[in-house]
Amino acid sequence: MSIGNHPFGPLIAQLPLEEKVHLLTGETAFTLPGNETIGLAPLAFSDGPTGVRGLKFIGGDAVALFPNATLISGSWDDELAEEVGHMLSEEAHRQSIHVVLGPTVNLHRSPLGGRLFEAYSEDPYLTGRTAAAYVRGMQGNGTAACLKHLVANESETLRNFMDSRVSETALREVYLLPFEMAVEDAGAWSIMAAYNDINGISATENSHITEEIVKGEWGWDGLLMSDWFATKRTVESANGGLDLVMPGPDGPWGERLVAAVRRGDVAEATVDEHVVRLLRLAERTGGLGAGGLGTDGLGTDGLGTDDGGAVASPFKAGVPAPDSAIRKEQLRRIAARGMVLVKNEGGILPLEGVDTLALVGRHAIATQDMGGGSAQVNPPYQSTVAEGLSERLGGGLTVVDGVGVRNRPVAADPAFVTDPITGEPGLRVTYLAADGREIDSAHEAGTALTIGFDDGRAEPPAAVVISAVLENGAGPVRLGGIGAGRWTFAVDGEEVATAQLGFSGSDPGEGVLRPPAYAELRDLPERANVSAKLEFEPVDWREVLGRNPAIKLAEESHLLTTGSFNLVGFVAEAAGRTDEEAIAAAEDAARAAGTAVVVVGLTEEDETEASDKQTLALPGRQDELVRRVAAAAERTVVVVNAATPVLMPWLADVDAVLIAGLPGQEGGHAIAAVLTGEAEPTGRLVTTYPAADGASPAWEVTPDAALRLHYTDGSAVGYRGWHAGNAPEPLFWLGHGLGYGSWEYGEARLVPSSGGAATGGAPTGGATGGAPMVEVEVTNTSSRPSRETVQVYFMPAEPGQPVRLAGYAGADVAPGETVTVTVACDPRLFRRWDEAAAGWAPLGSGELLVARGLGDVRAQVSLP
Ligand code: BGC
């Protein structure tokens with residue numbers, strides 16, 4: 001492109017090539033370089049997507065922890081998703097963040113995907129609509145959203161090297177659709193390119209997807225950044241449509257890109273185009289000042305600047321604190337709205353008039369409020385189901401801890417350890433140079449930290465010494481460490497153990513985010529001074545990865561700079577009772593109380609970035625716990641504290657099951673409010689629950705020897721594939737959810753389309769033209785006010801075309817009331833990709849199914 005006539009032309013013309021290139025790689029882990037000459041502020045990015053964490057990966061300031069993505073999409077409500085986007089933008093303003101790295105719009109393909117908790121659904125339309133609303137809420141308040149990860153990034157195993165083999169049809173119809181919707185309907189300002197390859201070409205170099213489809217066909221004018229350390233080659237990425245390499249300060253662009261331009265391998269005009277997109281993002285987020293734009297009258301959306309051309313702060317003051325009353329109300333309400341009641345025999349829930357209750361399970365007292373990896377934040381507090389219910393039920397509640405749920409040691413509860421210098425909860429960490437010299441020593445409020453990535457230390461430490469006082473006095477403690485290298489443990493100055501832990505996992509992402517862990521039971525004195533020294537051993541990823549002949553690494557691959565990153569944790573935990581003792585205590589309590597609530601679930605080991613699950617079975621002996629409690633109690637409710645499908649071999653033995661997701665900092669209160677009827681779980685499932693391991697249209701997440709993962713399910717992802725008979729009958733369908741109402745449906749009919757937007761249906765900005773609109777009467781036959789979500793699925797007449805969700809609308813209905821709900825279907829579901837013609841073909845005729853999930857179809861309309 002020529003920048004001569006571009007509004008940013010005069011700015012770019014002031015920059016020498018080196019400076020332009022400098023702007024196109026991060027300055028630190030989460031910031032970009034600024035440039036005073038052109039009035040460009042250093043932009044700040046933060047993860048995303050369930051809280052705005054800030055610039056530190058671990059241990060930053062306290063920020064609001066939101067309900068996870070499936071609870072937001074679980075409401076099937078644009079307004080709620082928009083509210084979430086707005087709230088996240090407020091969190092960003094408070095921390096001077098320009099870009100939030102979310103939403104995640106990859107799909108739930110195989111239920112084994114470790115990172116599905118960050119993503120909305122197995123369905124592209126529900127995902128796209130939720131994402132578009134979230135982006136509108138966020139960008140409407142001046143903060144850029146970043147759609148991630150473009151594209152076909154549905155699993156984590158070998159994520160830096162795997163090649164998603166996806167047909168062009170499935171890409172267009174399914175995996176790109178949420179991106180397309182969030183671009184078309186909400187104008188997302190940035191996108192993140194994934195780690196993986198798509199059909200043999202890296203996502204950071206994939207000009208077919210980036211240049212031809214996203215920037216070309218869709219006319220998208222935003223900025224495409226790489227995922228962190230994902231950029232593999234200099235020339236191919238710069239020419240392939242990538243605009244920005246993250247993070248910095250080092251990476252495969254810099255001097256290499258300057259040299260490539262000088263050699264003529266990359267045109268300077270291509271660099272200019274990347275800079276234009278960067279400046280546009282800065283302008284949109286208030287990071288580009290009018291004073292720096294010269295005198296050519298360039299508009300800057302009214303942003304003020306000071307006289308020197310520096311950028312005036314675009315950030316708003318006075319946003320709610322993360323622990324303010326308003327946040328508590330919002331976070332509790334949002335969590336409850338997305339929870340899904342999948343079974344409620346005899347209307348046992350809500351628990352009204354229950355005086356005595358046994359609350360059982362590790363997740364009842366250690367409720368899992370978030371998943372693992374880059375989406376984690378440091379919340380001001382977390383709440384448990386035990387706290388929530390005891391506030392509501394008081395003395396009638398008996399709480400019993402459950403069986404173990406973890407497969408490996410975890411970082412200590414900060415309240416269990418004390419800094420020996422300050423006496424505060426937490427640790428003392430001393431950083432040592434290679435010659436043993438102390439670099440510095442600091443208090444850590446948490447018990448896990450990152451080294452070498454975002455800690456801002458000029459001199460990288462060769463070792464750390466973690467010290468803590470343990471005033472346990474209760475006998476044996478499980479003591480150990482998390483992190484690769486050589487550990488030496490001492491108690492009261494005396495060495496008690498050493499451990500050599502090597503990096504594990506198949507991918508640097510997994511190696512860093514899931515470091516090896518060690519712990520041993522040890523008898524400690526009543527008050528013990530414990531120290532744990534960890535000597536780091538930098539990993540030579542080239543050597544380690546070179547052992548896999550299928551992995552090809554360019555010399556400049558960004559990944560190779562991650563060898564000295566470490567995630568470190570200190571393990572200290574009182575040895576609890578045995579699982580058998582826990583189950584026996586739970587049985588006694590359940591028998592005595594009559595009614596039992598068992599909270600089961602996964603942990604951030606299972607639902608995490610950088611690794612996938614191997615089974616959908618609940619970890620530990622939780623299934624046995626449920627069965628034995630159900631046999632002892634008269635009535636048993638199970639709360640599943642997990643975002644993604646788990647197996648329920650005890651389903652027939654229990655009366656009710658509530659899927660509570662990973663509900664955020666107010667989670668314990670939200671679950672308690674739902675159980676007691678103070679709030680309604682209005683959610684509908686966003687993913688189909690398989691009945692057994694392997695019983696889903698897509699299962700495998702491990703690529704083959706050539707690193708290929710074949711998307712064999714094509715466009716028939718999730719419920720579409722189940723409906724086509726590609727897997728045995730599921731446990732629960734996408735869209736299923738009982739709530740506390742009960743519903744009668746009338747006949748459904750087509751509404752003559754006026755071409756405009758319909759009530760309660762179509763996404764704002766989404767064209768309804770040409771797509772059908774359906775109307776149906778629904779009656780709330782229960783005695784409670786409730787909310788119904790009317791779902792419309794399109795079953796094309798054309799053979800081989802899968803059924804698909806094509807529209808939905810929610811309605812709040814008083815008891816006994818009948819309302820007419822209009823659902824405007826989205827035209828993007830009434831087309832199919834024609835590979836031969838390389839274009840869209842219309843899919844006109846077929847049936848519209850009005851359903852509460854495809855297991856409960858209530859009405860049908862034929863499309864001529
Ligand atoms: C994740 C991204 C995240 C980035 C920055 C990567 O590991 O895949 O989703 O935004 O890290 O933390």
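**Exercise 1. Overall build**

How many helices and strands are there in the protein? Work out the overall build from there.

*Solution.* This is a predicted model, in which local features need pLDDT of at least 70 and side-chain atom pairs count only at pLDDT 80 or more, while totals for chains, interfaces and linings use all residues. Residues are numbered from 1 along each chain as its sequence is written, and side-chain values use heavy atoms, with hydrogens and water left out.

Step 1: count the elements. The protein has 20 helices and 34 strands; these are DSSP runs numbered from the N terminus, helices being H or I with at least four residues and strands E with at least two.

Step 2: check the radius of gyration. It is 27 Å, close to the 29 Å that the globule rule gives for 864 residues, so the protein is as compact as a globular protein of that length. The radius is taken over C-alpha atoms, and the rule is 2.2 Å times the number of residues to the power 0.38.

Step 3: add the extents. The C-alpha trace spans about 80 × 75 × 55 Å along the principal axes.

Step 4: look at burial. Of the 864 residues, 63% count as buried (under 20% relative accessible area, with a 1.4 Å probe and protein chains only).

Step 5: turn to contacts, meaning heavy atoms within 4.5 Å. Among those with a separation of 6 or more, 77% come from residues 24 or more positions apart.

**Exercise 2. A small sheet and a hairpin**

Which strands stand at the edges of the sheet β7-β6-β4-β25? Then describe the hairpin of β31 and β32.

*Solution.* Step 1: read the order. The sheet is open, has 4 strands in the order β7-β6-β4-β25, and shows mixed pairing. Two strands pair if DSSP finds at least two bridges between them.

Step 2: find the edges. β7 (201-202) and β25 (708-710) each have a single partner strand, so one side of each is left without a neighbour in the sheet.

Step 3: zoom in on one pair. Strand β6 (residues 197-198) runs antiparallel to β7, joined by 2 bridges, and aspartate 197 stands opposite serine 202.

Step 4: move to the hairpin. Strands β31 (residues 831-834) and β32 (residues 839-842) are antiparallel and joined by 4 bridges. Arginine 832 stands opposite alanine 841. There are 4 residues between the strands, and alanine 838 in the turn has a positive phi of about 50°.

**Exercise 3. Buried residues around β5**

Is serine 190 buried or exposed? Do the same for alanine 194, then try a helix.

*Solution.* Step 1: place serine 190. This residue lies in strand β5 (residues 190-193) and, at 0% relative accessibility, counts as buried.

Step 2: list its surroundings. Leaving aside neighbours within four places in sequence, serine 190 is in contact with residues including Val99, Cys146, Trp220 and Leu281.

Step 3: follow the chain to alanine 194, in the loop between β5 and β6. Its relative accessibility is also 0%, so alanine 194 counts as buried.

Step 4: check its contacts. With neighbours within four places set aside, they include His149, Asn153, Thr204 and Asp227. The C-alpha atoms of alanine 194 and threonine 231 are separated by 9.3 Å, with their positions 37 residues apart along the chain.

Step 5: finish with helix α6 (residues 168-175), where 8 of 8 residues are buried. Among them are the charged-type names Glu168, Arg172 and Glu173, as well as Leu171 and Tyr175.

Terms used. Buried < 20%, exposed > 50% of the residue type's maximum accessible area, 1.4 Å probe, protein only.
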